[in-house]
Amino acid sequence: MVIFSQYITYFMKIYLLSVSGSLYSTQRLFNEASRRGHYIRIIDHTKCGILFDDNQPKILFNKEDVTNFSDAIIPRIGASYTEHGLAIVNQFEKMGNYNIASALGILRSRNKLLTMQHMVANKIPIPKTLYTKNTLLLKEQLNLLEGEQCIIKFLEGTHGLGVMLAESKKSAISIIETMHSLNKPILIQEFVKESNGEDIRAYVVGDKVVASMKRSSGGKDFRSNVHRGGSTSVITMTDEEQHIAVKTAQCLGLDVAGIDLIRSKNGPLVIEANSSAGLEGIEGATKVNIAGEIIKLIEKNVKK
Ligand SMILES: Nc1ncnc2c1ncn2[C@@H]1O[C@H](COP(=O)(O)OP(=O)(O)O)[C@@H](O)[C@H]1O
Ligand SMILES: [Mg+2]
């Protein structure tokens, strides 16, 4: 920690937890932190371990002891490394690092059921959703959802994979029974038809939405995911939508998050939260320097 006398620039030491320095988001965060005068190093969390010894735990990166060096961490934990990534992020947190996405927040956002339970407890509007394992009463329970069509979702899918649209309650029953027989927990959700294959990605940094874009399937799919062929465009969010997005990120424990909303006839509904939201699509669509905003947030939160 050094204060450069006359510029009062606070020099922070940041570890960027990422599997590869060639990823767009990793590069952008690295470049913005360097440009703002900070020390930043990419640490591949999959090569980290923890040594618990005499109540003095150490974080090891390959053979190197990386304990008690950094002021802050930026976790970029991919879905395939959640459990291990969480262990490492949690350990850095315990050692006093400021963290833009708490281990608990990552955990909550990786599972759509946990996310929903947490959002509903915090009065965040979500689509009406059923979670059940009761095959015998399935038909009756499905009737609690409005409309003939419904959405069936895996709890931990991403990029639109693991989200299905059942055209009727009858076909929903056969899909749900199949999922239950495979021991795959699912959510059953009212299909918000008027969202029209579109959703809004709000990029929350601290207490504001710094950028937002619309993703649209262009009528080709009910899913708007870019990985499923969706296109992006700039969108202006209402004050209410922005407020909901910020509140969602905060209640989950994420200082930085991508919050996804759909517009329904009853107002905005949050469908998911992403703790390692990509920067490429949204920086490209909106021309906002989101990486720079994230580094500024860290500057604000690292104690001088
Ligand atoms: N209840 C719903 N009603 C209408 N469309 C939905 C609903 N839930 C999801 N979608 C559409 O499907 C897409 C993928 O769903 P989402 O829950 O975000 O899963 P994933 O984590 O795979 O992105 C959303 O971006 C949205 O376009
Ligand atoms: Mg999504």
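Among contacts between residues at least 6 apart in sequence, what percentage join residues at least 24 apart? In this predicted model, the share is 64%. Buried residues account for 38% of the 304 residues in the chain.

The overall dimensions were examined next. A compact globule of 304 residues would have a radius of gyration near 19 Å. The chain has 21 Å, which agrees with that expectation. Along the principal axes, the C-alpha atoms fill a box of roughly 70 × 45 × 35 Å. The secondary structure of the chain comprises nine helices and 18 strands.

One sheet was followed in detail. Strands of a sheet pair through backbone hydrogen bonds, either parallel or antiparallel. Here, five strands form an open sheet, and the pairing is antiparallel. The strand order is 16-15-14-17-18. Strand 16 (231-234) and strand 18 (267-274) are the edge strands. Each of these two pairs on one side only. From one strand to the next, the twist averages 30°.

Strand 17 spans residues 256-264 and runs antiparallel to strand 18. Seven bridges join strand 17 to strand 18. Within this pair, I259 stands opposite A273 of strand 18.

A helix also packs on the sheet: helix 9, residues 290-301. Helix 9 touches strand 14 (198-205), strand 15 (208-216) and strand 17. The direction of helix 9 makes about 35° with that of strand 14.

Technical notes. Residues numbered from 1 in each chain as written. Chains lettered and ligands numbered in written order. Predicted model: local features only at pLDDT ≥ 70, side-chain atom pairs only at ≥ 80, totals over all residues. Helix = DSSP H or I, 4+ residues; strand = E, 2+ residues; numbered from the N terminus. Rg over C-alpha atoms; globule rule 2.2 N^0.38 Å. Buried ≥ 20, exposed ≤ 12 C-beta atoms within 10 Å, placed from the backbone. Contact = placed C-beta atoms within 7 Å. Pairing = 2+ DSSP bridges. Axes fitted to C-alpha atoms, helices over the stretch in contact; angles between N-to-C directions.
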